[in-house]
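These are my notebook entries on a structure that I went through feature by feature. I kept each entry short and wrote down the cut-offs where I first needed them.

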Amino acid sequence: KIFVWLVSPDGGANEKTMEGAVIGAVMSLGGLFIFALVLTFLQDSFNSFLDNLKVGRSPVMESGHTVIIGYTPHTALLIQEMCTAFSSTGGMRFAILSEEPKPDVEEAIRTAALDLQGSQIVVRSGVPHDVSSLQTVAVDTCSAVILTPRHDMDNELADAYMMRLLLLLQGNNWPLEGKIILSCRLNRNQEHFKRIGGRNVTVVMIDRLLGQLLWQCSRGCGLGMAVQSLLGFRGSEFYVQPVPDHLLGKTIGEATLHYPHAILAGVAACSDRAYTVDLSKSDSSRRRTVINTRGSFIIGSDNEKAFNLKLLPDRDRELVDGDELLLLAEEESNAVASLTPCCQPTPIAAKLVGRIDSKAHRVSIHSDRVENIVVLGWNERMFASLLLEIEKSVPPGSEVKVFASQPIEGREKALMLIQQRAGRELRNVTVKHLFGDPESLYQLEHMESPIHEATRIFALRDQDEPSPDKADTRTLFSILHVRHILEQRGVSARVPVVPELVDVKTGFLCQHQRFLDYVNASDLEAAMLATVALDPRVAYFLQAITTKGGGLKFTLRGLEEYLAHDEPTPSSVNFFDASSIVSAAGDLLVGWTSPCEVEWSGAESSASCGSPSGEQSVIVNPPDKGVVRRWLCERDRLMVLARRK
């Protein structure tokens, strides 16, 4: 009877006595109070559940996904590159762990208007160095963890931040069956990351490549843009494929003719562990990586056979069972060998190949002339990588003048720090700091050292401007002033001007203004991380062109440079024949300058057509490799990956 009174709104209504009616009423009121408490508890629980979903505290129930730790304005580019990379497989599931509130990150992703191409994105908020926060994105069951670079920290602090994250992941053995991709700022810290991270960690040296690309862009003909197109998924990219059965027993030179839409860049094979060198004296079971000047990478441990990736392989080497090929193709479906050769070598090409001396062809990393280089704007991170590249590429007596609005005293301290980090003093170049506003036409015209006397001009993003759009606006304004001055002096065609950009949209403006060579640091960073995340083995190719011991470099060369001095240059050639000539000298042909007949189309992706001003640009991995084109020695060039002297 008491329970009936608790749940009934009219408890005690049938009682005959006053006492019974009062007791029934009290019991009914108590039942209503208990019911209200239950409703309140349920409502609070439901609101808490909704709040957890809103702020990103609920755990992600996934496996085989990709975890991105940290969100910055540049992360949207990384997500877009990753979505493009996995579009052929139906997309990928991404879990982002950010210190920013989940609604803010989701709004930033919506604002970026990403083309997900079948991928899905889940955002969670938390502290990257907290174990419980990492568990919310299921970092233990993911296939890859990408640690996004921190641009708001100096080099030492950024590497320390990455090291702490790596130690936390390694201490918990996360991910269980996945890989970790991170970027390193300072060259000296690279080996620490490899030693601590072990076999499942891939370290990407982004800053070093940025300096190289800025310098290569200053050489003209779209070389820098062509190299950048190799590092993302908007043009040609690298794939590792097993050797098809019908190519077993064939030589590299013969196998090359079976790939009409791809370029054979390297061969990977298993080798005995006796050829590996231990980089960690304290732990013999750790991963071993060797980079030598012949472009060979050996990765392995004492408990497994080494994976030997040979770049620029000998064209007479025979392919055997177990080999894998590193192929350059626009997409994975194009990295397929045909059953029959696409064409046969011409008699002229066969004759030229037989007379090539491979030892006579090496690329000197030094320029022959004393350089007078002007750098507009101040960005310590980019200036450091550019200065070190200039130091090893120019002869003694060269000078670098920095014209920026930051105080000279601070820049001089930064210069000393750059040399300390590199472990050596500058020998070939001297740096002179000038104070002024690079956006002022008057100050540029009245610089202490006339800007039209420069041999190369670089415009760097202002590090004091946090907005990418505003930073690029200032950079674009500066280079327009510079070109105006150079045109007035009649030297605009002789002095290359290379800007550093951080906003993808600004690239279209540069192309419209005929600045065909520029470096987009944010886009390049995202492309490199996405490329390595798709296949970590491609990272060893990146090491070949970015590390000191890699010994390889992209360059433009004339076809006549590969021929004997008394040998006439062919007036026409196809890509397969040119590739045979280049590979006989030990180099790799990856593209050539656009023919005269190609018209400007305004496409950005692969820089594969001539410019509006009639200049040439580079076609990477041309589609019609068997088609003969006219060859002019005075204007046409080959884009090759060559060994340095």
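I looked first for nonpolar surface and found that Phe33, Ile34, Phe35, Leu37, Val38, Leu39, Phe41 and Leu42 form a patch there, with about 830 Å² of accessible area together. For such patches I took residues with over 30% relative accessible area and no salt bridge, joining nonpolar side chains (Val, Leu, Ile, Met, Phe, Trp, Tyr) within 5 Å and like charges within 9 Å. The areas come from the Shrake-Rupley method with a 1.4 Å probe, and for residues only the protein chains shown count as cover. Leu42, one of the patch residues, has its place in helix H2 (residues 18-55), where helices (H or I, at least four residues) and strands (E, at least two) are DSSP runs numbered from the N terminus. At 49% relative accessibility I entered Leu42 as partly exposed, a class that lies between buried, under 20% relative accessible area, and exposed, over 50%, again with a 1.4 Å probe and protein chains only.

A note on the source: this is a predicted model, in which I read local features only at pLDDT of at least 70 and side-chain atom pairs only at pLDDT 80 or more, while totals for chains, interfaces and linings use all residues. Residues are numbered from 1 along each chain as its sequence is written, and side-chain values use heavy atoms, with hydrogens and water left out.

I then looked up charge on the surface and found a negative patch where Glu254, Asp314, Asp316 and Glu318 gather. Here Asp and Glu count as negative and Lys and Arg as positive, with His and the chain ends not counted, and I placed each charge at NZ of Lys, CZ of Arg, CG of Asp or CD of Glu. Glu318 sits in the loop between strand S11 (304-311) and strand S12 (324-329), and its relative accessibility of 49% makes it partly exposed.

Next came salt bridges, of which a search of the whole structure finds 24, each being a side-chain nitrogen of Lys or Arg within 4 Å of a carboxyl oxygen of Asp or Glu. Which helices does the bridge between Arg421 and Glu156 tie together? The closest N and O atoms of Arg421 and Glu156 are 2.5 Å apart, and because Arg421 lies in helix H13 (residues 408-422) and Glu156 in helix H6 (residues 155-171), the pair ties together parts that are 265 residues apart in sequence. Arg421 is buried at 15%, whereas Glu156 is partly exposed at 36%.

I also noted the bridge from Asp152 to Arg150, with 2.9 Å between the closest N and O atoms; Asp152 is exposed at 57%, but Arg150 is buried at 16%. In the bridge of Arg557 with Glu561 the closest N and O atoms are 3.3 Å apart, with Arg557 buried at 9% and Glu561 partly exposed at 35%. Shared partners join the salt bridges of Glu439, Asp462, Glu465 and Arg474 into one network.

Turning to aromatic rings, I found four pairs in the structure, counting rings of Phe, Tyr and Trp (its six-membered ring) with centres within 6.5 Å, and calling planes under 30 degrees apart stacked, over 60 edge-to-face and the rest tilted. Trp215 and Phe458 are stacked, at 6.4 Å centre to centre with 25 degrees between the planes. Trp215 belongs to helix H8 (residues 206-217) and Phe458 to strand S16 (residues 456-459), so this pair ties together parts that are 243 residues apart in sequence. Trp215 is buried at 4% relative accessible area, and Phe458 is buried at 0%.

The rings of Trp592 and Trp631 have centres 6.0 Å apart and planes at 45 degrees, so I entered this pair as tilted. Ring pairs link Trp592 and Trp631 with Phe575 into a cluster.

Last, I checked the backbone. Most residues other than glycine have a negative phi, and most peptide bonds are trans. The peptide bond from Trp174 to Pro175 is cis, with omega near -15 degrees, and Pro175 lies in the loop between H6 and strand S5 (179-183). Ala113 has a positive phi near 55 degrees and is exposed at 62%, while Asn621 has a positive phi near 50 degrees and is buried at 5%.
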